Structures are given as structure tokens and as C-alpha cells.
Amino acid sequence: MSDDKKTPTVTTPAVKKKAPAKSARRRSREAALQGLYQWLVSGEDGAVIEAHLREQDGFGKLDKPHFEALLHGCIQEAADLDAVLARHVDRKTTELSPIEHGVLMIGAYELKHCVDIPYKVAINEAVELAKSFGGTDGHKYVNGVLDRAAGDLRPTEVQAGRGGR
């Protein structure tokens, strides 16, 4: 004789993985990107943009010196950064989406000035910004452009990172 009773199936609720907390540096890059986007679209003064961003929730959690360096450095050096990027993009930087343009400016600025940040980290952080805020495959474009720009801005570090090729 068989027992027709079914053993109840126990299901455990799906456990959602909590996203890792964003670092203060990542938050500073995100805020700088917001500011650069506003600057690229409106041409508004950097100090006005910064004042507006300082009023946003969570501003106290970012690396303020890094944010200020990125926002104001990218605005002040926009022509120089665009000249570096122009060698590696397939169109004028003014024809890029403001998000991709801003992300590329941040990446180029960090490659040029933030030598305490390894070049691969600077590129990866820019790629993550593009994934979060850019178009569908924009992160691939950002990765390629900044990888080539890194060869111009940090040739010794890039050559060592690629095994001396």
C-alpha cells in the first residue's frame, strides 16, 4: 500500500543580496558627473553647480576634496581633456552624449592628475559610472577610449601593467 500523503515542500524566501556600500570616492565621482552633465548641457558656472549639489541628500558621505578636484578640474581643463580624448574617440567630443562625455572627462582627469589611483582603477570606476548612468553599451566605449588614453597619459604604468609589451 502506498501513502498518498505528499511531503510539503518548504521554500525559503529569496535572499536579496545587499549591494555593497558605495565608497566616498565613488560618491564623489557620481556627484562630479552630475555637475559635469549640468555644465555640459547648460554652461552654468561651476560654483553655482557645486552649491546646488551640496544641497543634495548624501552629499556629506562623499570625498569632498576629490569631488571638488574632479568637478572644477574637469571644467577648468575641459579643452585639454578633450584634446587627449579626441585622439581616441570616433567623433567630436561635443557630439558625445553629455553622460559619456562627462564620464570620459572624469576618467581622463584621474588618469592625468590622480597618480595615487592605479590606471586600471580609474578606468574601471569610469566604466562603472557609464554602466550606472550611460546608454546600453556606453561602458564598452568608455573602456576602449580610456584604455587607449591611459597609454598617452601613463605610458610607463600601462606598459608595466601589460607585461612590458
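A residue is called buried here when its relative accessible area is under 20%, and exposed when that value is over 50%. With that in hand, the helices of this predicted model can be read one at a time, starting with H3. In H3, the buried residues are His66, Phe67, Leu70, Leu71, Gly73, Cys74 and Ile75. They pack against H1, H2, helix H4 (78-86) and H5. An α-helix has 3.6 residues a turn, so residues three or four places apart point the same way. H3 itself has 13 residues, and the distance from its first C-alpha to its last is 18 Å, close to the 18 Å expected at 1.5 Å a residue.

The chain as a whole has eight helices and zero strands. Read from the N terminus on, its elements run α-α-α-α-α-α-α-α. Of the 165 residues in the chain, 40% are buried. Contacts between residues at least 6 apart in sequence give a view of how the chain is put together: 70% of them join residues at least 24 apart.

Helix H6 can be described in the same terms as H3. Its 15 residues should span 21 Å at 1.5 Å a residue, and its end C-alpha atoms are 21 Å apart, so the two values agree. Tyr119, Ala122, Ile123, Glu125, Ala126, Val127, Leu129 and Ala130 are the buried residues of H6. The elements that cover them include H1, H5, helix H7 (138-153) and helix H8 (155-161). Glu128 also lies in helix H6, but this residue counts as partly exposed because its relative accessibility is 24%, and the cut-off for buried is under 20%. The C-alpha atom of Glu128 is separated by 9.5 Å from that of Val103, although the two residues are 25 apart along the chain.

Helix H5 offers a contrasting case in Met105. With a relative accessibility of 0%, Met105 counts as buried. Leaving aside residues up to four places away in sequence, Met105 touches Leu36, Trp39, Leu40, Cys74, Ala78, Leu81, Asp82 and Leu85. One of these partners, Cys74, is itself among the buried residues of H3. Toward H6, the C-alpha atoms of Met105 and Ala126 are separated by 9.2 Å, with their positions 21 residues apart along the chain.

Charged side chains add another set of links. A search of the whole structure finds 15 salt bridges. One of them joins the side chains of Arg25 and Asp63, with an N to O distance of 3.1 Å. This pair links distant parts of the chain, since Arg25 is in helix H1 and Asp63 is in the loop between helix H2 (46-54) and helix H3 (64-76), 38 residues apart. Arg25 counts as partly exposed because its relative accessibility is 28%. Arg25 also forms a salt bridge with Asp116, where the closest N and O atoms are 3.7 Å apart. Here too the pair links distant parts of the chain: Asp116 is in the loop between helix H5 (98-113) and helix H6 (119-133), and the two residues are 91 apart. Asp116 has a relative accessibility of 56% and therefore counts as exposed.

A further salt bridge pairs Asp137 with Lys140, the closest N and O atoms being 3.6 Å apart. Asp137 counts as partly exposed at 44% relative accessibility, whereas Lys140, at 52%, counts as exposed. Elsewhere, Arg26, Arg29, Glu110 and Glu125 are joined into one network by salt bridges that share partners. Glu125 in this network is also one of the buried residues of H6.

The last feature considered is the largest pocket, which holds about 220 Å³ of space. Its lining is made up of Lys22, Arg27, Glu30, Ala31, Gln34, Leu53, Gln56, Asp57, Gly58, Phe59, Leu62 and Phe133. By type, these residues divide into five nonpolar, three polar and four charged. Helix H1 (residues 24-42) gives the most to the lining, with four residues. H1 thus recurs through this description: it also holds Arg25 of the two salt bridges described above, and it is among the elements against which the buried residues of H3 pack.

How values were computed
Residues are numbered from 1 along each chain as its sequence is written. This is a predicted model: local features need pLDDT of at least 70, side-chain atom pairs count only at pLDDT 80 or more; totals for chains, interfaces and linings use all residues. Side-chain values use heavy atoms; hydrogens and water are left out. On a 1 Å grid over the protein atoms alone, a cavity is a set of points where a 1.4 Å probe fits but cannot get out, and a pocket is an open set with protein on both sides within 12 Å along at least five of seven lines; lining residues have an atom within 4 Å of a point. Grid points are joined across faces, edges and corners, and a volume is the space filled by probe spheres set on the points. Ala, Val, Leu, Ile, Met, Phe, Trp, Tyr, Cys and Pro count as nonpolar, Asp, Glu, Lys and Arg as charged, and the others, Gly among them, as polar. A salt bridge is a side-chain nitrogen of Lys or Arg within 4 Å of a carboxyl oxygen of Asp or Glu. Buried means under 20% relative accessible area, exposed over 50%, partly exposed in between (1.4 Å probe, protein chains only). The expected span of a helix is 1.5 Å times one less than its number of residues. Contact means heavy atoms within 4.5 Å.
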